[in-house]
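I opened the model to look up strands, core, helix packing and a few side chains. My entries follow in the order I made them.

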Amino acid sequence: MIKVVEVKAIERFKIWAKFNDGVEGTVDLSEFVGKGVFKVWDVPGVFENVKANGSGIEWNENLDIDAFNVYLNITNQTFEEYLAKQKSHA
């Protein structure tokens, strides 16, 4: 199971994440800025307070994102491609 082991804000609305299989990279989350629960990122210091919680990436108890989707973004693959790769290594 893919788990995020470390995450940090590296610049405005971009995070760097490292996963338990050694994959690491950056993701631009600016497409979410100002939308719904992500409006909280407009408050200075909130975006920079990102934390890893294993299966998720969170800013507070009300705001998190799925770490697996971040993983897929970093590895530039779809869920189907990920599954096919896992089956071929089994």
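**Strand E6 and its partner.** I checked the two faces of E6 and found Leu63 and Ile65 on the covered one, with Asp64 and Asp66 on the uncovered one. Strands and helices here are DSSP runs, of at least two residues for a strand (E) and at least four for a helix (H or I), numbered from the N terminus. I note that this is a predicted model, in which local features need pLDDT of at least 70 and side-chain atom pairs count only at pLDDT 80 or more, while totals for chains, interfaces and linings use all residues. Residues are numbered from 1 along each chain as its sequence is written, and side-chain values use heavy atoms, with hydrogens and water left out.

I then looked up the partner of E6. E5 and E6 run antiparallel and are joined by four bridges; two strands count as paired if DSSP finds at least two bridges between them. The connection is a hairpin through two residues. Gly56 has Asp66 of E6 as its bridge partner.

**Overall layout.** I counted six strands and two helices in the chain, in the sequence pattern β-β-β-β-β-β-α-α. The C-alpha trace spans about 45 × 20 × 20 Å along its principal axes. Of the 90 residues, 33% are buried, where buried means under 20% relative accessible area, exposed over 50%, and partly exposed in between (1.4 Å probe, protein chains only). Among contacts (heavy atoms within 4.5 Å) with a separation of 6 or more, 38% link residues 24 or more positions apart.

**The three-stranded sheet.** I traced an open sheet in the order E1-E2-E3, with antiparallel pairing. E1 and E3 are the edge strands; each has a single partner strand, so one side of each has no neighbour in the sheet. From one strand to the next the twist averages 25°. E1 and E2 are joined by six bridges. H1 packs on this sheet, touching E1, E2 and E3, and its direction makes about 100° with that of E3. For such angles, axes are lines fitted to C-alpha atoms, for helices over the stretch in contact, and the angle runs from 0 to 180 degrees between N-to-C directions.

**Salt bridge.** How many salt bridges does the structure hold? I found one, between the side chains of Glu11 and Lys14 at 3.7 Å, N to O. The criterion is a side-chain nitrogen of Lys or Arg within 4 Å of a carboxyl oxygen of Asp or Glu. Glu11 also stands opposite Lys14 in E2. Glu11 is partly exposed at 47% relative accessible area, and Lys14 is partly exposed at 27%.

**Core.** I listed the largest nonpolar core, which has 25 residues. Such a core is a set of buried Ala, Val, Leu, Ile, Met, Phe, Trp, Tyr and Cys residues joined through side-chain atoms within 4.5 Å. Ile15, Phe19, Trp41, Ile57 and Trp59 have the most contacts inside it. Two or more residues each come from E1 (4-11), E2 (14-19), E5 (56-60), E6 (63-66) and H1 (67-75). H1 gives the largest share, six residues. Leaving out residues up to four places away in sequence, I found that Ile57 touches ten residues' worth of neighbours listed as Val4, Val7, Ile15, Val50, Lys51, Leu63, Asp64, Ile65, Ala67 and Val70.

**Helix H1.** Which residues of H1 are buried? They are Ala67, Phe68, Val70, Tyr71, Leu72 and Ile74. Their cover includes E1, E2, E3, E5, E6 and helix H2 (79-89). Asn76 follows H1 and has a positive phi, near 55°.

**Gln77.** I placed Gln77 in the loop between H1 and H2. Gln77 counts as buried because its relative accessibility is 15%. Its side chain makes a polar contact of 2.9 Å with that of Thr75. A polar contact is a pair of N or O atoms within 3.5 Å; within protein, one must be able to donate a hydrogen and the other to accept it, and residues adjacent in sequence count only if both atoms are side-chain atoms. Beyond four places in sequence, Gln77 is in contact with Tyr71, Leu72, Tyr82 and Lys85.

**Glu24.** I ended at Glu24, in strand E3 (residues 24-28). Glu24 is partly exposed at 43% relative accessibility. The side chains of Glu24 and Trp16 share a polar contact of 3.4 Å. Glu24 and Ile74 are 50 residues apart in sequence, yet their C-alpha atoms are 7.2 Å apart.
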